[in-house]
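Before building anything on this model, please read the points below alongside the coordinates. They take up cysteines, confidence, charged pairs, nonpolar packing and one sheet.

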Amino acid sequence: MTLLDWTPADQDHLARAPEPHIPLRTPRASLPAPGALMEFFLTEFDIWRPILSRLRVSSDMVIKLAARAGENRTDFQSELLASNLVTENDLFATVAQEFGVGFIDRIDPERLVMRPEDCALFLRTRSKHLHVKVLERDGRALAVIAPSGMSLSTLKSLLHRQKNLLPLLRMTTPQALRRAVLQRTSQSLAIDARNGLYERMPDYSARIVANAWQGVVLGAVLVILALAFTLATSAVLLAMHIFFSLFFFACIILRFAATRAAPAKPPPGLEATPPGDLPFYSVLVALHREADVVPQLLAALDRLVWPKSKIEIKLVCEADDSQTLGAIAAHGLPHHVEIVEVPPGQPRTKPKALSYAVPLIKGDYVVLYDAEDRPHPLQLLEAWHCFERGGEDLACVQAPLEISNEESGLIPLLFAFEYSALFRGLLPWLSGRRVILPLGGTSNHLRVSALEEVGGWDPYNVTEDADLGLRLVRFGYRTQTISLPTLEDAPETLSIWLPQRTRWFKGWCQTWLVHMRDPVALFRELGLRSFCLAQILYAGLVLSALVHPLLIVAALYLGLQIVVGQSTFGWMVALLVVDTINIVCGYLSFLLLGWYSLRKPERKSFWRVVKFTPVYWMMMSLAAWRSLLHLWRRPHHWEKTPHFRTVRREPA
């Protein structure tokens, strides 16, 4: 059995964990049903023999592939293509030659005889008999078939019954047929990716930042505050102070509560999952200007433990991103990996690219990864087991994200600490209470039927993950966390960190504004606990970052006033106490949650984190104030986070 593992640097990162990790090996396949193997050799092998002989596939490999088809409950053709022993073009050309059918390797999309709605259905079908009509230049209509996964005995019988139509019949590859259909419908798919959610569910779209009544309320509040500030400055400052302190303190309470989160553990026996039980899985990776990390990405995706005949990986790229497309083309992609080129257009965001790709996927489940991600090889298996146990209302499974370059500098260290508190502390705690759970931007495993029901990703929301997590709950679904992580790299400089964090804050503002368009409906759909958490997780975290420096300035000012004896008002003393408690407890809750979520070897840098936490929080305040400016001036602009190929360090 082939052993699969992460790279040495990734192994070194996980070696610091005290708890044992599951051995990384392929699923132990159940023995193929003898009847299925016997049936192939009785009914199919004689037809396949001359084809395989021309393709130079050995008899030993034929037996292995037939056995694998029985184990995986697939078919011989799918396993042959998944093995990458032959190309799809060579296989179908040889089959066409054997059956005396003309073969074409390219189809002019303009000559397809298909209605637009049929194109969309065709791209999603798992039918074993793909066929279309194509008009020739002389006006004749040809029937073009791509028998994907169909048994050759069935195909032979079908062709024998229709042999009078053979002159008007052509065979092509499923990829060539899909490529032609996709080119025919690409513009309509791009329009739907851009406008679909807004047209079908306008109340859930961030295309309009704030609706009419929200604009009126905001304007009225600003006017009233300006007037009140002029008439009663002290009273207004006191009221605003108390208001913002409540949000700040609510975030503190939430962090303290999450310190009780129990560490998640993967279910035993993942590596023994029978592959025949597994469904078809889709993997989406959105790439934009990511040429540098393409080799690392392809290697990480290749280590995923899942039958290659039951998985599709779609690399979603902008059609005008020639550097990334060139870097991918330089690698020989296996049969189950496909490039999806998104027509250029605004908004140029990750969720728009994903929305374009969703109509093309065939899986029952889909997982989203970023270009720099290195997911645990068994992560898909753990996610599927979670779906199987969770019931139909479980729409999403969130895998934890772990930072692997925390030793590369101060910002990666603080980023890794923050991620540990979030993905090992806060999110598992929320998951255990079946309340709203803000998704991470990657490693979201989704039930495709639920994703489509709620409208998919919002192309105008720059934190599409946060929005989708809230929308799933509103539709009656829930999210759960798992334990096997995805490794990624944190920004190492302020120039990279700041735009990324600005986009996150801006997206949380967008999400809050969208879902608070009808607060009564939101309360009714979420319930009291999740409604309150939504205010804390979206509005509260942004407000906390905004007011953090103001609280420090206010505390210093009040303290100075009291020390020099210029003011002895009781309310000033009370505010100083409140501000001091907020600031100290804010840092303490952040550090305590992070401490409990760290593994013992990771705690060696804890006191360095303590030392620089106030600085990190000031950086977040800067990003929060910057996000308000961006929300006003360019709400849908996606500030790209550049990624660089990880420098691999061997363990000492």
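1. A disulfide is a pair of cysteine sulfur atoms within 2.5 Å. With that cut-off in mind, the sulfur of Cys 585 is too far for a bond, because the closest cysteine sulfur, in Cys 251, is 13 Å away. The sulfur of Cys 396 is likewise too far for a bond, its closest cysteine sulfur being that of Cys 386 at 9.7 Å, and Cys 396 counts as buried, at 0% relative accessibility. A search of the whole structure finds 0 disulfides.

2. Please keep in mind that this is a predicted model, with a mean pLDDT of 86 for the protein and 91% of its residues at 70 or more. Confidence is highest in strand β8 (residues 365–369), at a mean of 97, and lowest in helix α1 (residues 8–15), at 45. The pLDDT is below 50 over residues 1–8, a stretch that nevertheless has 30 contacts in the model beyond near neighbours in sequence. Residues 647–652 are also below 50, and there the model shows 12 contacts beyond near neighbours in sequence. Where pLDDT is low, the predicted coordinates should not be read in detail.

3. How many salt bridges does a search of the whole structure find? The search returns 24, and the individual pairs sit in differing surroundings, as the next examples show. Asp 192 and Arg 200 form a salt bridge whose closest N and O atoms are 3.0 Å apart; here Asp 192 is partly exposed, with a relative accessible area of 32%, while Arg 200 is exposed, at 55%.

4. Asp 489 and Arg 374 form a salt bridge with their closest N and O atoms 3.5 Å apart. Asp 489 lies in the loop between β14 (486–488) and α19 (494–515), whereas Arg 374 belongs to strand β9 (residues 374–375), so the pair ties together parts that are 115 residues apart in sequence. Both Asp 489 and Arg 374 are buried.

5. A pair within one helix is that of Arg 471 and Asp 467, whose side chains meet in a salt bridge at 2.5 Å, N to O. About one helical turn separates Arg 471 and Asp 467, because the two are 4 residues apart in helix α18 (residues 464–474). Arg 471 and Asp 467 are both buried. Elsewhere, salt bridges link Glu 402, Arg 424, Arg 599 and Glu 602 in a network.

6. The largest nonpolar core has 110 residues, of which Trp 457 and Trp 497 touch the most other members. Helix α20 (residues 519–563) gives the most to this core, with 15 residues. Leaving aside residues up to four places away in sequence, the contacts of Trp 457 include Leu 197, Leu 284, Pro 351 and Val 358, as well as Arg 471, the residue that also bridges to Asp 467. Apart from this core lies another, of 38 residues, among them Val 283, Leu 287, Trp 384 and Val 397.

7. Finally, please look at the open sheet of 4 strands, which has the order β1-β4-β3-β2 and mixed pairing. Its edge strands, β1 (102–103) and β2 (130–135), each pair on one side only. Strand β3 (residues 141–146) and strand β4 (residues 169–171) pair in the parallel sense over 3 bridges, and Ile 145 stands opposite Met 171 in β4.

Methods. Residues are numbered from 1 along each chain as its sequence is written. This is a predicted model: local features need pLDDT of at least 70, side-chain atom pairs count only at pLDDT 80 or more; totals for chains, interfaces and linings use all residues. Side-chain values use heavy atoms; hydrogens and water are left out. A salt bridge is a side-chain nitrogen of Lys or Arg within 4 Å of a carboxyl oxygen of Asp or Glu. Buried means under 20% relative accessible area, exposed over 50%, partly exposed in between (1.4 Å probe, protein chains only). A nonpolar core is a set of buried Ala, Val, Leu, Ile, Met, Phe, Trp, Tyr and Cys residues joined through side-chain atoms within 4.5 Å. Contact means heavy atoms within 4.5 Å. pLDDT is the predictor's confidence in each residue, from 0 to 100. Two strands pair if DSSP finds at least two bridges between them.
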